[in-house]
Amino acid sequence: MNYRTFLDSQGKRWEVWLVTPAAAERRRADRRAAAGSSEPFTGGVERRQTPERRRAPFHRSVAVASEFSHGWLCFESEGEKRRLAPVPGGWDEAGPDRLATWLQAAKRVVKCAP
């Protein structure tokens, strides 16, 4: 389960879910390169028969702070959002009291204008 709801001690309803870095960030690595190397892929069977189609390295303006690079929990309630990293083990089975404790440790998110 990657989504939960709970009530905090004041009866405020919170939604919490797991967020992982965007595919754009994960795609930075060249999948045709050998693991941990900048050399072309040489091991195993290369399934693709065409040359590299990308003309330039794939980049997006999406930036993830290093503390969130392995994912985070997002807590959201009406008018408020918070993030917690690293993701606590067993968060998806934790009770409301434990979720409320993690909520207090989470950092508030300040919304930026588009």
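A residue is called buried when its relative accessible area is under 20%, exposed when that area is over 50%, and partly exposed in between. By this rule R108, at 58% relative accessibility, counts as exposed, because 58% lies over the 50% cut-off. The structure described here is a predicted model, and the sections that follow move from the overall arrangement of the chain to helix 2, the strands beside it, a loop, and finally the charged side chains.

The protein contains two helices and five strands, and along the sequence these elements follow the pattern β-β-α-β-β-α-β. Of the 114 residues in the protein, 25% are buried. Among the contacts with a separation of 6 or more, 53% are made by residues 24 or more positions apart. The protein exposes about 8,800 Å², and carbon and sulfur atoms supply 51% of this area.

Helix 2, which spans residues 96-105, has four named residues that are buried, namely L99, A100, W102 and L103. When the helix is seen down its axis, these buried residues fall within an arc of 160 degrees, so they line one face of helix 2. A general property of helices helps in reading this pattern: an α-helix has 3.6 residues a turn, so residues three or four places apart point the same way. On the other side of helix 2, D97, Q104 and A105 are exposed. The cover over the buried residues of helix 2 includes strand 1 (3-7), strand 2 (13-19), strand 3 (72-77) and strand 4.

Strand 3, one of the elements that cover helix 2, has six residues, of which five are buried, so this strand is largely enclosed by the rest of the structure. Strand 3 pairs with strand 2 in the antiparallel sense over five bridges, and within strand 3 the residue that stands opposite W17 is C74. Strand 3 is also joined to strand 4 by five bridges, and these two strands likewise run antiparallel. Here L73 has L84, in strand 4, as its bridge partner. Strand 3 and strand 4 form a hairpin with two residues between the strands, and in this hairpin G79 takes a positive phi near 80 degrees.

After strand 4 (80-84), the chain enters a loop that leads to helix 2 and contains P86. The peptide bond from A85 to P86 is cis, with omega near -5 degrees. V87 has its place in the loop between strand 4 and helix 2 as well, and this residue is partly exposed, with a relative accessible area of 27%. Leaving aside residues up to four places away in sequence, V87 touches L18, G71, W72 and L73. For V87 and W72, the separation is 15 residues in sequence and 5.2 Å in space, taken from C-alpha to C-alpha.

A search of the whole structure finds five salt bridges. One of them joins the side chains of R13 and E15, with a distance of 3.3 Å from N to O. Both partners of this pair are partly exposed, R13 with a relative accessible area of 48% and E15 with a relative accessible area of 24%.

Other salt bridges involve E80, which is buried, with a relative accessible area of 14%. E80 forms a salt bridge with R82, in which the closest N and O atoms are 2.6 Å apart, and R82 counts as buried, at 8% relative accessibility. The side chain of E80 also meets that of R108 in a salt bridge, at 2.8 Å from N to O. This second pair links distant parts of the chain, since E80 lies in strand 4 and R108 in strand 5 (residues 107-108), 28 residues apart. The pair brings together a buried residue, E80, and an exposed one, R108. Together with K12, the residues E80, R82 and R108 are linked in a network of salt bridges.

How values were computed:
Residues numbered from 1 in each chain as written. Predicted model: local features only at pLDDT ≥ 70, side-chain atom pairs only at ≥ 80, totals over all residues. Heavy atoms only, no water. Buried < 20%, exposed > 50% of the residue type's maximum accessible area, 1.4 Å probe, protein only. Arc of directions from axis to C-beta. Contact = heavy atoms within 4.5 Å. Pairing = 2+ DSSP bridges. Areas by Shrake-Rupley, 256 points an atom, 1.4 Å probe, with all protein chains shown as cover. Salt bridge = Lys/Arg side-chain N within 4 Å of Asp/Glu carboxyl O.
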